[in-house]
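The exercises below ask the reader to work from the backbone outwards, and each is followed by a solution in steps. Please try each task on the structure before reading on.

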Amino acid sequence: MADIVDSVLSLLNWKLPFKFIYSNEYWMLDLGHHLFPVKKYRMLYERVIALGASNKDFIQSEPASDEDLLLVHSPEYIKKVMTGKLSSVEVQALELPFSPAVVRFFLMMTGGTIKAVENALKTGLAVHLGGGFHHAFPDHGEGFCVFNDIAVAIEKMKKQGKIDRAMIVDCDLHHGNGNAFIFSKKDYVFTFSIHQVDLYPTEKPSSDLDIGLWSGDNDEAYLSALSPNFPRLYQEFKPDLVVYLAGADPSQQDMLSGLNVTAEALKKRDKIVIGNARKLKIPVAIVLGGGYASEIEQTVETHLNTVKVAISVWKRNPQFLVTSSIQSE
Ligand SMILES: [Zn+2]
């Protein structure tokens, strides 16, 4: 597969009709000695540039507005976050050294995912070199997630009439508890989560489809659980937009992962999720997630593989038509 992807890259000559969303602010966040590897964002950006991308292939993130956040989060929670008035218990749940810089980081990340879905609807595919904060709830944050960028972006597209229905395909190692909760009573969003069961979060609100794997599960277990659902779910639910949370943490190299899943299997995962959407002409916005390998380069490599698969899939299915009756701009 590596050979195919590399030959595709050379053939493309980087005349890509889809964009990457990024901000240099992402990696400048100083979290001190923290598990969350913000430097991976810069390293990934540099690897994408090294593939041959140039500035014109990137769109700069902008911070999400209060109005955007209010589509998902409660006014009380937003106010507490913006004024630094979270209680010590609330800060503890975030597992982050809370500061104005952290707030800015999550505003930028949320705005970045909004740009990613907007661009995916225009061109069929967009990749946010960030995002994926699926543990944030309307009234609280947890597990390194302050605001739920995916939920805010989907709700904004819905409010603007750009989509009727969306699907979240969450392939992070951890269950997408925030997304599952937020959309539990909203039938216009289908939530899918494939995750390791015996890990955080202990409480897992039901997604529309949850697939739980166990510590020790290998490539075959992972792919045989994932693949029967695609393209089936796309054909049945008929989303106007897929937001794909391409988590790097299911990797066997990840410190948090108990799964025995290789890089090759994760590339196949990316191909199943992105390729099947592409064949059905469903726009895909890709966001990153997780990634706590002991060597940060391993996490960056996993994310880069997702980017390469997206390029390869695009090359094989270059024609894109908006199938929804609702036209994007
Ligand atoms: Zn995770």
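**Exercise 1.** In this predicted model, decide whether K238 counts as buried, partly exposed or exposed, and then describe its backbone and its place in the chain.

*Solution.* Begin with the neighbour count: K238 has 15 C-beta neighbours inside 10 Å. A residue is buried if 20 or more other C-beta atoms lie within 10 Å of its own and exposed if 12 or fewer, so with its 15 neighbours K238 counts as partly exposed. Next take the backbone, where phi of K238 is near 55 degrees, a positive value in a residue other than glycine. Finally, place the residue: K238 lies in the loop between helix 11 and strand 7.

**Exercise 2.** Apply these steps to F144, and state which class of exposure follows from its neighbour count.

*Solution.* F144 has 19 C-beta neighbours inside 10 Å and therefore counts as partly exposed. Its phi is positive, at about 70 degrees, although F144 is not a glycine, and the residue lies in the loop between strand 3 and helix 8 (149–159). For context, most residues other than glycine have a negative phi.

**Exercise 3.** Locate the cis peptide bonds from Y200 to P201 and from F230 to P231, and name the loop that holds each proline.

*Solution.* The bond from Y200 to P201 is cis with omega near -5 degrees, and P201 is found in the loop between strand 5 and strand 6. The bond from F230 to P231 is cis with omega near 15 degrees, and P231 sits in the loop between helix 10 and helix 11 (232–237).

**Exercise 4.** Work out the order of the strands in the open sheet, identify its edges, and examine the pairing at strand 6.

*Solution.* The eight strands of the open sheet follow the order 2-1-3-8-7-4-5-6, with parallel pairing. The edges are strand 2 (58–60) and strand 6 (209–213), each of which pairs on one side only. Strand 6 pairs with strand 5 (residues 189–196) in the parallel sense over five bridges, and D210 in strand 6 is the bridge partner of S193. Helix 10 (residues 219–226) lies across strand 5 and strand 6, running at about 170 degrees to strand 6.

**Exercise 5.** How does the radius of gyration of the protein compare with the globule rule?

*Solution.* The protein contains 13 helices and eight strands. Its radius of gyration is 18 Å, close to the 20 Å that the globule rule gives for 329 residues, so the protein is as compact as a globular protein of that length. Of these 329 residues, 49% count as buried.

Terms used:
Residues are numbered from 1 along each chain as its sequence is written. This is a predicted model: local features need pLDDT of at least 70, side-chain atom pairs count only at pLDDT 80 or more; totals for chains, interfaces and linings use all residues. Two strands pair if DSSP finds at least two bridges between them. Helices (H or I, at least four residues) and strands (E, at least two) are DSSP runs, numbered from the N terminus. Two residues are in contact if their C-beta atoms, placed from the backbone, lie within 7 Å. Axes are lines fitted to C-alpha atoms, for helices over the stretch in contact, and angles run from 0 to 180 degrees between N-to-C directions. The radius of gyration is taken over C-alpha atoms; the globule rule is 2.2 Å times the number of residues to the power 0.38.
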